Amino acid sequence: MNAIVLAILVMVALSLARVSVVFALIAASLVGGLVAGMPLGAIMDAFNQGLGKGATIALSYAVLGAFAVALSRSGVTELIASRAIRGLHLDDQPSSRRWVAFTLLGALLATAVSSQNLIPVHIAFIPVLVPPLLKLMNHLRLDRRVAACVITFGITAPYMLLPVGFGAIFLNDILLANLNESGAELGLEVTRGMVPMAMLMPIGGMALGLAVAVLFSYRRPRHYEDRDLAHGDETPAEAAKHLAPWQMAVLGAALVGTVAIQLLSGSMVLGGLFGFALLSVSGVFRWHEQDDIFTEGMRMMALVGFIMISAAGFAGVMQATGEVPALVAGSAELIGDNKGLAALIMLLVGLFITMGIGSSFSTVPIIASLYVPLALSFGFSPMATIALVGTAAALGDAGSPASDSTLGPTAGLNADGQHDHIWDTVVPTFLHYNVPLIAFGWAAAMLL
């Protein structure tokens, strides 16, 4: 068996068995490297070299987690949630919950979509925005699995379809450029207008999966406990009672400043530090508590951070094995002259490669160089080739235990320890997005 396929199967099997994802990633790295014939020392070198690529985003999440806990400790989130619960009569009039829940999910979707283009902060908004909404979700009896599906759709579908913000990077700078580079000697020429059109059908499959998740899969009420995110000299409810109007203004400035600093500097760490520092000098919590609050916030995001770091090491080992070309070549031998089977195999191989590397952005250069000649040899049109390569690269991004598209929602929804990363984020997003992506990506390859 190909080393990458075996490593992915080991990672998924251990994760589904509720083994720590960090342990699963390390064990899968060892299995994949050893099967590929790498010495143990070379495996660990590749793993260690990859670790650094995940450290920056892990630190960013830790700092944003500290900022989120500081917001909670100020009492403002408790104040807003309590007023919303009373004003909307959620405990007295259960019939109103459904429409409020749909409104909340719509707001989360709009925010997630905007984070990819309008205000391109990517997943940085999740640790700040989602934890304050958890109490409101609890009283709505909202299943957090549907919230995970909504957020994941909002941070993945836009960059695969809309050529603005991160979508401009993925569609134009990465997908378009690599397609033309790989197909230059084969007569393939792709224009900018062709790429979004080719991706329209696969993303339509994701939209269908989102509708199924919201309207059918997770519509039943689910019960959660109300838990404070921060603990100090006062509870958030007590802190909310003496929150002055000028302090509310400072809180608003901290939120705006965090986004502005990140956009100007390109650093989530600086944005989070600015917001935390502004709250520290505003008096919304006592000065001697700031160290404990910062530590508590970092602890809240520790698991997600370590998974991100380990995932980067796992990706380093998978690339060091050199097994990707062998995987594609082995798959081509099984296809024969069956065009439909060729499209399906290419998509499934793309799923394994993306789940191993953890990022569709990093997968495109690898897949394009191998898939473009293969697709053209089977007689796929330029539009079909775009759909195959784009969908194959995107597969696994929403549904991998190590992808930021699943780790991001978990970071926010598990802030109070009541949302499991694998069974409440990874499995729902895999079923509702990767399965339709395969089906609709295959249809696009056969019809375009």
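In which helix is Leu341 found? In this predicted model, Leu341 belongs to helix H17, and it makes a good starting point for a tour of the surface. Leu341 is partly exposed, its relative accessible area being 30%. Together with Leu344, Leu348, Trp442, Met446 and Leu447, Leu341 forms a nonpolar patch on the surface, and the accessible area of these residues together is about 490 Å². Helices H17 (339-357) and H21 each contribute at least two residues to the patch. Residue Lys339 of the chain takes part in another kind of contact: the charged end of Lys339 sits over the ring of Phe380, at 5.0 Å from the ring centre.

Helix H21 (residues 421-447) appears again in an aromatic contact, where Tyr433 of H21 meets Phe153 of helix H8 (residues 144-161), so the pair ties together parts of the chain that are 280 residues apart in sequence. Three aromatic pairs are present in the structure. For Phe153 and Tyr433, the ring centres are 6.0 Å apart and the planes stand at 40 degrees, so this pair is classed as tilted. Phe153 and Tyr433 are both buried.

Attention now turns to charged side chains. Six salt bridges are found when the whole structure is searched. One of them joins Asp416 and Arg144, with an N to O distance of 2.8 Å. This pair links distant parts of the chain, since Asp416 lies in the loop between helix H20 (404-413) and H21, while Arg144 lies in helix H8, 272 residues away. Both partners, Asp416 and Arg144, are buried. Arg144 has a further contact, as its charged end sits over the ring of Tyr224, 4.2 Å from the ring centre. Arg144 is thus placed both in a salt bridge with Asp416 and over the ring of Tyr224.

Another salt bridge brings together the side chains of Arg145 and Asp143, at 2.7 Å from N to O. How exposed or buried are the two partners? Arg145 counts as partly exposed, at 23% relative accessibility, whereas Asp143 counts as buried, at 3%. Asp143 and Arg145 also belong to a network of salt bridges that includes Arg222 and Asp424. A further salt bridge, between Arg227 and Glu225, has an N to O distance of 3.2 Å. Here Arg227 counts as partly exposed, at 39% relative accessibility, and Glu225 likewise counts as partly exposed, at 48%.

Helix H15 completes the picture. This helix covers residues 302-321, 20 residues in number, and reaches 29 Å from its first C-alpha to its last, close to the 28 Å expected at 1.5 Å a residue. Of the 20 residues of H15, 14 are buried, so the helix is largely enclosed by the rest of the structure. Ala302, which lies in H15, is partly exposed, with a relative accessible area of 27%. The C-alpha atom of Ala302 is separated by 8.5 Å from that of Tyr61, although the two residues are 241 apart along the chain. Just after H15 comes Gly322, where phi is positive, at about 70 degrees.

Key: Residues are numbered from 1 along each chain as its sequence is written. This is a predicted model: local features need pLDDT of at least 70, side-chain atom pairs count only at pLDDT 80 or more; totals for chains, interfaces and linings use all residues. Side-chain values use heavy atoms; hydrogens and water are left out. Helices (H or I, at least four residues) and strands (E, at least two) are DSSP runs, numbered from the N terminus. The expected span of a helix is 1.5 Å times one less than its number of residues. Buried means under 20% relative accessible area, exposed over 50%, partly exposed in between (1.4 Å probe, protein chains only). Rings of Phe, Tyr and Trp (its six-membered ring) pair if their centres lie within 6.5 Å; planes under 30 degrees apart count as stacked, over 60 as edge-to-face and the rest as tilted. A charge sits over a ring if NZ of Lys or CZ of Arg is within 6 Å of the ring centre and within 35 degrees of the ring normal. Patches are made of residues with over 30% relative accessible area and no salt bridge: like charges are joined within 9 Å, nonpolar side chains (Val, Leu, Ile, Met, Phe, Trp, Tyr) within 5 Å. Accessible areas come from the Shrake-Rupley method with a 1.4 Å probe; for residues, only the protein chains shown count as cover. A salt bridge is a side-chain nitrogen of Lys or Arg within 4 Å of a carboxyl oxygen of Asp or Glu.
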